[in-house]
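Thank you all for coming. I would like to walk you through one structure this morning, beginning with the whole chain and ending with a couple of residues that deserve a second look.

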Amino acid sequence: MESPKLICVVGARPNFVKIAPILRALQQADQHIQPILVHTGQHYDQNLADIFFKDLNIKKPDYELHVGSGTQAWQTAQIMLRFEKVIDVEKPTAVLVVGDVNSTLACALVASKLLVPVIHVEAGLRSFDKTMPEEVNRLLTDQMATMLFTTEMSAKANLLQEGVNPAHIHFVGNVMIDTLNQFKDQAASSQAILKDLIGKSFDRYAVLTLHRPSNVDCPDTFNRIFQALVELSQELPIVFPAHPRTIKQLERLKIKAETLKDIHIVEPLDYVRMLGLVKKATMVLTDSGGLQEETTALGVPCLTLRYNTERPATLTHGTNQIVGTETKAIKQKAKGILTGEYVHANRIPPLWDGHAANRMIQILVPWLYQPEVQVKRVLEEAI
Ligand code: UD1
């Protein structure tokens, strides 16, 4: 029998961090699998994409779809049209998607319509806020998936509530933390990274990331957040690797350079340097999902500039606090960290131990060899 063919999809920055340990574990699996890597090109900048392939030793994609940026519908539709051709040529046994970006949903939808089983890594996370494009992507992808790998306890309960077959859900842990554990000791010192980035270094500093449309595209919210950050930066310098969307908004709002004096804006960083900075930060302020998890794994206090999180384990076990976007609340919570008043749980959530991809592969590979999984492909060919 020919070995099963597994298409693995990546599109945006957080996907690269998740796929790296999965590809490695597949390579080391007892039974042979043919992985085919598809990069949709949702992220295409050197800093958001290429550098991650190099640093994380991800193989060159077998297919690059070069979709680029656009509206939600345009981007999703373009990925679907281009990905359908890949499935047509490759006739895979299954398609594996990770996370919650537009590429995740688009490719899951194409595969599902062609009766190719969908595997979703990081299934079941829910913010219960459907105004976030990621929540829509998560909900729909999980409805189509036949194998769902979860990162934390909350996910299974969410999936069961939505009618997902419990036999399809597998709690394996967090592949993002596999990558973090692999690289966390490889970064240069935070002092060296800071010197290199901004020409000086600090003992205490905060790291900021901000890119969600709800925070960045609405001038009122953006201004409220920035007012808190400017005040905080007078006590604690802030290093801000800024996403292209955020840079555009800063330019649009004509925020003066002197206001940002102690907020050091730098280009989006490569994975290892970002890890080096975050590891030694006094606190992280963010609206990203991945950083909430990474700070929990590193024991660094995190203030989430949103009103919800799809990753509740970072609150119950980790270092995360939800602060929202009001100036006063951000300042207060930051102060709580600076004065040592706020004490977080600081435990590592179950199975965030660096072995999630191995656990996943032990379930996934025998499943791919099952005759009924192979049969689907024959059925699809016959249609
Ligand atoms: C996407 C994901 C988000 C994830 C984030 C990580 C969705 C819906 N969102 O958001 O969940 O947290 O990636 O970074 O999939 N741009 C560039 N260069 C690039 C890519 C984008 O300049 O390489 C700019 C473009 O102006 C583009 C904008 O960033 O319109 C947004 O990019 P897009 O991929 O649509 O969403 P992100 O905000 O990056």
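What follows goes from overall shape to burial and charge, and then to two loop residues.

Please keep in mind throughout that what you have in front of you is a predicted model. Along the chain there are 17 helices and 13 strands, and the C-alpha atoms fill a box of roughly 65 × 40 × 40 Å when it is taken along the principal axes. A compact globule of 383 residues would have a radius of gyration near 21 Å, and because the chain has 21 Å, it agrees with that expectation.

Turning to the interior, buried residues make up 58% of the 383 residues, and of the contacts with a separation of 6 or more, 69% are between residues 24 or more positions apart. The accessible surface comes to about 16,000 Å², with 53% of that belonging to carbon and sulfur atoms. As for charge, the chain carries 40 positive and 41 negative side chains, and the centres of these two sets lie 3 Å apart.

Now to the backbone, where most residues other than glycine have a negative phi. Which value does phi of K91 take? It is near 45°, which is positive, and K91 sits in the loop between α3 (72-90) and β4 (94-98). With a relative accessible area of 27%, K91 is partly exposed.

L351 also has a positive phi, near 65°, and lies in the loop between α15 (327-338) and α16 (356-368). L351 counts as partly exposed because its relative accessibility is 28%, which falls between the 20% and 50% limits.

Terms used: Residues are numbered from 1 along each chain as its sequence is written. This is a predicted model: local features need pLDDT of at least 70, side-chain atom pairs count only at pLDDT 80 or more; totals for chains, interfaces and linings use all residues. Side-chain values use heavy atoms; hydrogens and water are left out. Helices (H or I, at least four residues) and strands (E, at least two) are DSSP runs, numbered from the N terminus. The radius of gyration is taken over C-alpha atoms; the globule rule is 2.2 Å times the number of residues to the power 0.38. Buried means under 20% relative accessible area, exposed over 50%, partly exposed in between (1.4 Å probe, protein chains only). Contact means heavy atoms within 4.5 Å. Accessible areas come from the Shrake-Rupley method with a 1.4 Å probe; for residues, only the protein chains shown count as cover. Lys and Arg count as positive and Asp and Glu as negative; His and the chain ends are not counted. The place of a charge is taken as NZ of Lys, CZ of Arg, CG of Asp or CD of Glu.
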